[in-house]
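These are my notes from going through the model. I looked at one helix, then the cysteines, then the protein surface around a DNA strand.

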Number of protein chains: 2
Amino acid sequence: MDFSDYVPSVSVDCVVFGFHQNQLKVLMLKLKHLNLWALPGGFIENNQSATIAADKVLKDRTGLEGIYQQQFHVFTDPERSQTSHIEQLISNDVLDKDVLGWFKNRFISIGYYALVEYSKVNKPEPDFLSEKCQWVSLDELPELMLDHEEIIKRAYVRLNQDLYQKPVGINLLPEKFTMPELQALYETILQKKIDRRNFRRKILSLNIIIDTKEKRMGSNNRAPIVYKFDKTKYHQVLKEGYHINLF
Amino acid sequence: MDFSDYVPSVSVDCVVFGFHQNQLKVLMLKLKHLNLWALPGGFIENNQSATIAADKVLKDRTGLEGIYQQQFHVFTDPERSQTSHIEQLISNDVLDKDVLGWFKNRFISIGYYALVEYSKVNKPEPDFLSEKCQWVSLDELPELMLDHEEIIKRAYVRLNQDLYQKPVGINLLPEKFTMPELQALYETILQKKIDRRNFRRKILSLNIIIDTKEKRMGSNNRAPIVYKFDKTKYHQVLKEGYHINLF
DNA sequence: TCAAAAGTGTTAACTGTACACCCATGT
DNA sequence: ACATGGGTGTACAGTTAACACTTTTGA
């Protein structure tokens with residue numbers, strides 16, 4: 001393995017959020033032969049920006065392109081770099097021992113959070129260090145490598161803050177969705193109950209979603225209206241920001 | 001010069017804001033023999049976090065410790081690294097040519113903004129590359145090295161956003177200040193006029209400033225009340241955040 | 001026709017906004 | 001005593017919050 005194409009000392013870690021069964025999930029990798037989980041991550045090629053590097057990580061794990069991503073923090077504590085898991089991976093023949101030199105470097109990691117439509121991630125792909133890649137519920141995190149738990153926590157805090165400013169949550173839903181679905185998403189991320197009627201009014205007043213004139217049939221109650229985003233207005237609001245008072 | 005103590009490929013740049021004569025100023029360095037200005041910056045020692053490295057930059061330039069600082073963005077565009085100014089500094093004998101190897105690296109820079117009390121910075125110190133270090137008004141920026149103009153712009157955008165969420169502006173004022181002074185600061189940063197009476201009410205309702213029972217004498221009008229921060233409550237609010245509607 | 005959950009509307013409480021007036025200070 | 005600008009109060013408008021009723025769907 002040759003790491004000379006990568007910027008030394010810098011890595012990228014992605015906290016990929018998905019929303020399923022009214023739970024916020026994170027895409028995680030289970031390391032081979034170790035009882036440890038890790039965030040999808042990678043290194044930055046010499047001619048890449050970190051954003052492009054993050055795009056590649058996202059593409060490799062989820063198969064998707066054009067995912068919404070947001071750089072949220074850089075993790076620079078010198079204590080965050082540990083190689084014990086790398087050494088174990090080497091002794092389990094997962095990694096060749098000539099890579100230890102690279103991993104012995106201290107790494108500064110740029111944290112991105114990404115929002116994906118859960119159902120579009122059909123078969124998340126593990127990387128060369130891991131045996132599986134799967135969704136893990138945010139409130140049932142397993143034991144994580146290095147400072148990855150802190151990275152997730154911070155990503156979540158930032159997502160939470162951002163949701164008050166911009167309609168980012170929309171990236172977690174499929175193209176078509178109902179008002180109750182959108183509300184469940186907001187309630188999950190913000191961790192508070194919101195009045196159904198007030199929520200609807202506020203969201204509609206943003207003028208970023210459109211009634212498709214369809215209804216979601218199939219349940220034992222009145223069929224909710226199916227909406228989709230008004231992409232033009234959505235991007236406008238995303239840029240400008242707003243403040244929804246959902247306290 | 002020996003750079004082996006530093007983390008390769010990573011630098012720290014600080015946008016140091018000060019407030020003087022109702023203007024927002026930034027601390028800038030004038031490069032030796034070049035008609036170019038630069039932000040205070042530095043590299044990260046092997047056992048330092050980026051925050052500590054930024055602290056050192058701030059200490060070296062301003063002489064102050066414990067300055068309020070906030071990491072706001074990482075600049076990773078591969079095109080941002082250029083060495084033409086370094087080469088010119090070498091040909092002017094400012095730098096020894098054996099440092100070119102280090103500076104030829106591509107750098108990823110972690111941007112911090114810092115807020116200091118203008119009057120406490122008595123004699124800003126240039127670094128080894130620069131001939132002077134001084135305050136420059138935000139709206140009269142000279143020609144800047146690399147992407148430093150973009151870094152400043154982004155720092156300002158972030159400061160602006162943060163001011164709506166947390167009472168950060170306080171760090172730009174001396175320990176004791178009056179309501180009109182605080183308002184002038186807000187109006188400058190937010191770039192909008194605010195109604196005097198409404199401003200006062202909102203700020204006071206945050207309960208983070210205390211009437212010192214003193215008055216600022218000396219001008220031809222009613223002497224304004226002198227306030228100071230309630231540090232305990234201030235730090236609490238800083239952590240929790242709020243939203244002031246000053247639109 | 002019933003339960004469940006969605007759509008719609010109304011009012012009271014609160015917050016923000018736009019003002020006018022009075023007061024202290026130095027000349 | 002007057003000009004200047006700071007401190008205080010108040011009423012209106014706009015927004016948010018709390019809540020009740022009607023409608024649609026599948027069983």
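**Helix H2 of chain B**

I started with what covers the buried residues of H2(B), and the cover includes strand S2 (23-31) and helix H3 (100-104) of chain B. Contact here means heavy atoms within 4.5 Å. Helices (H or I, at least four residues) and strands (E, at least two) are DSSP runs, numbered from the N terminus.

This is a predicted model, in which local features need pLDDT of at least 70, side-chain atom pairs count only at pLDDT 80 or more, and totals for chains, interfaces and linings use all residues. Residues are numbered from 1 along each chain as its sequence is written, chains are lettered from A and ligands numbered from 1 in the order in which they are written, and side-chain values use heavy atoms, with hydrogens and water left out.

Which residues of H2 (84-91) in chain B are buried? I noted His85(B), Ile86(B), Leu89(B) and Ile90(B). They lie on the same side of H2(B) because they cover an arc of only 145° around the axis, taken from the directions from the helix axis to the C-beta atoms. Buried means under 20% relative accessible area, exposed over 50%, and partly exposed in between (1.4 Å probe, protein chains only). Just after H2(B), I found Asp93(B) with a positive phi of about 65°.

**Cysteines**

I looked for disulfides (pairs of cysteine sulfur atoms within 2.5 Å) and found zero over all chains. In chain A, the closest cysteine sulfur to that of Cys133(A) is in Cys14(A), 11 Å away, so it is too far for a bond. Cys133(A) counts as buried at 8% relative accessibility. In chain B, the sulfur of Cys14(B) is 11 Å from its closest cysteine sulfur, in Cys133(B), again too far for a bond. Cys14(B) is buried, at a relative accessible area of 1%.

**Around DNA strand C**

I counted a residue as near if one of its heavy atoms lies within 4 Å of the strand. There are 26 residues around DNA strand C, and Arg196(A), Arg197(A), Arg200(A), Asn221(A) and Arg197(B) come nearest. H6 (196-205) of chain A and H6 (196-205) of chain B each supply at least two residues of this surface. H6(B) gives the largest share, five residues.

I then checked polar contacts, pairs of N or O atoms within 3.5 Å. The side chain of Asn198(B) has an N or O atom 3.1 Å from a base nitrogen of strand C. A polar backbone atom of Asn220(B) is 3.0 Å from a base oxygen of strand C.

Conventions: A polar contact is a pair of N or O atoms within 3.5 Å; within protein, one must be able to donate a hydrogen and the other to accept it, and residues adjacent in sequence count only if both atoms are side-chain atoms.
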